[in-house]
Amino acid sequence: MRRGAPRGTLRGLLKSHKPQLRLAAGGDLLVHLNFLMFLHRLAEEARTNAFENKSKTIKPEHTIAAAKVILKRSRG
């Protein structure tokens, strides 16, 4: 069985960075889901970069380039 999201740790981090922020009951789960979706997009983009460079392994430069693209795309 899979382990659930680390809710206590996540709530503590959110409270330490934004003490004035008030979250609903499932707000921390939405933050965790958003983080997991970002990691998935980062991995897919890094894999695409590695494939374009004819590399079988994902190297740090592929991940850095993917992060720049994804962060630029997700900017509002």
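The following paragraphs describe the fold of this chain, beginning with its overall form and then turning to its helices and to selected residues.

The model is a predicted one. Its chain contains three helices and zero strands, and when the sequence is read through, these elements give the pattern α-α-α. The radius of gyration is 16 Å, well over the 11 Å that the globule rule gives for 76 residues, so the chain is more spread out than a compact globule. Along the principal axes, the C-alpha atoms occupy a box of roughly 45 × 35 × 15 Å.

Burial and surface may be considered next. Of the 76 residues, 17% count as buried. The area exposed by the chain is about 6600 Å², and 61% of that area is supplied by carbon and sulfur atoms. As to contacts between residues at least 6 apart in sequence, 32% of them join residues at least 24 apart.

The description now moves to the beginning of the chain. Two packed helices are described by the angle between their axes and the distance between the axes. For helix H1, which covers residues 7-17, and helix H2, the axes come within 10 Å and cross at roughly 95°. H1 is therefore roughly perpendicular to H2, because angles of 65 to 115 degrees are placed in that class. On the H1 side, the contact is made by Arg 7, Leu 10, Arg 11 and Leu 14; on the H2 side, Asp 28, Leu 29, Val 31 and His 32 take part. By character, the residues of this contact divide into four nonpolar, one polar and three charged.

Two residues give further detail on this part of the chain. Leu 14, a residue of helix H1, has contacts with Pro 19, Leu 23 and Val 31 when its neighbours within four places in sequence are left aside. Val 31 is also among the H2 residues that form the contact with H1. The C-alpha atom of Leu 14 is separated by 8.4 Å from that of Asp 28, although the two residues are 14 residues apart along the chain. Pro 6 belongs to the segment before H1. At 36% relative accessibility, Pro 6 counts as partly exposed, because this class lies between the limit of 20% for buried and that of 50% for exposed. Pro 6 and His 32 are 26 residues apart in sequence, and their C-alpha atoms are 8.7 Å apart in space.

Attention then passes to the loop between helix H2, residues 27-52, and H3, where Lys 54 is found. Lys 54 has a positive phi of about 55° although it is not a glycine. With a relative accessible area of 77%, Lys 54 is exposed, since the class begins over 50%. Ser 55 is likewise placed in the loop between H2 and H3. Ser 55, however, has a relative accessibility of 17% and so counts as buried. Apart from neighbours within four places in sequence, Ser 55 is in contact with Ala 50 and His 62.

This last contact leads to helix H3, which spans residues 60-74 and includes His 62. His 62 has a relative accessible area of 5% and is therefore buried. Not counting residues up to four places away in sequence, His 62 touches Ala 46, Asn 49, Ala 50, Asn 53, Ser 55 and Thr 57. Ala 50 thus appears both in this list and among the contacts of Ser 55.

Helix H3 also holds Ser 74. At 43% relative accessibility, Ser 74 counts as partly exposed. A separation of 24 Å lies between the C-alpha atoms of Ser 74 and Lys 15, which are 59 residues apart along the chain.

In summary, the predicted model shows a chain of three helices in which H1 and H2 are roughly perpendicular. The loop between H2 and H3 holds the exposed Lys 54 and the buried Ser 55, and Ser 55 is in contact with the buried His 62 of H3.

Methods. Residues numbered from 1 in each chain as written. Predicted model: local features only at pLDDT ≥ 70, side-chain atom pairs only at ≥ 80, totals over all residues. Heavy atoms only, no water. Helix = DSSP H or I, 4+ residues; strand = E, 2+ residues; numbered from the N terminus. Buried < 20%, exposed > 50% of the residue type's maximum accessible area, 1.4 Å probe, protein only. Contact = heavy atoms within 4.5 Å. Axes fitted to C-alpha atoms, helices over the stretch in contact; angles between N-to-C directions. Parallel < 35°, antiparallel > 145°, perpendicular 65-115°, else oblique. Nonpolar A, V, L, I, M, F, W, Y, C, P; charged D, E, K, R; others polar. Rg over C-alpha atoms; globule rule 2.2 N^0.38 Å. Areas by Shrake-Rupley, 256 points an atom, 1.4 Å probe, with all protein chains shown as cover.
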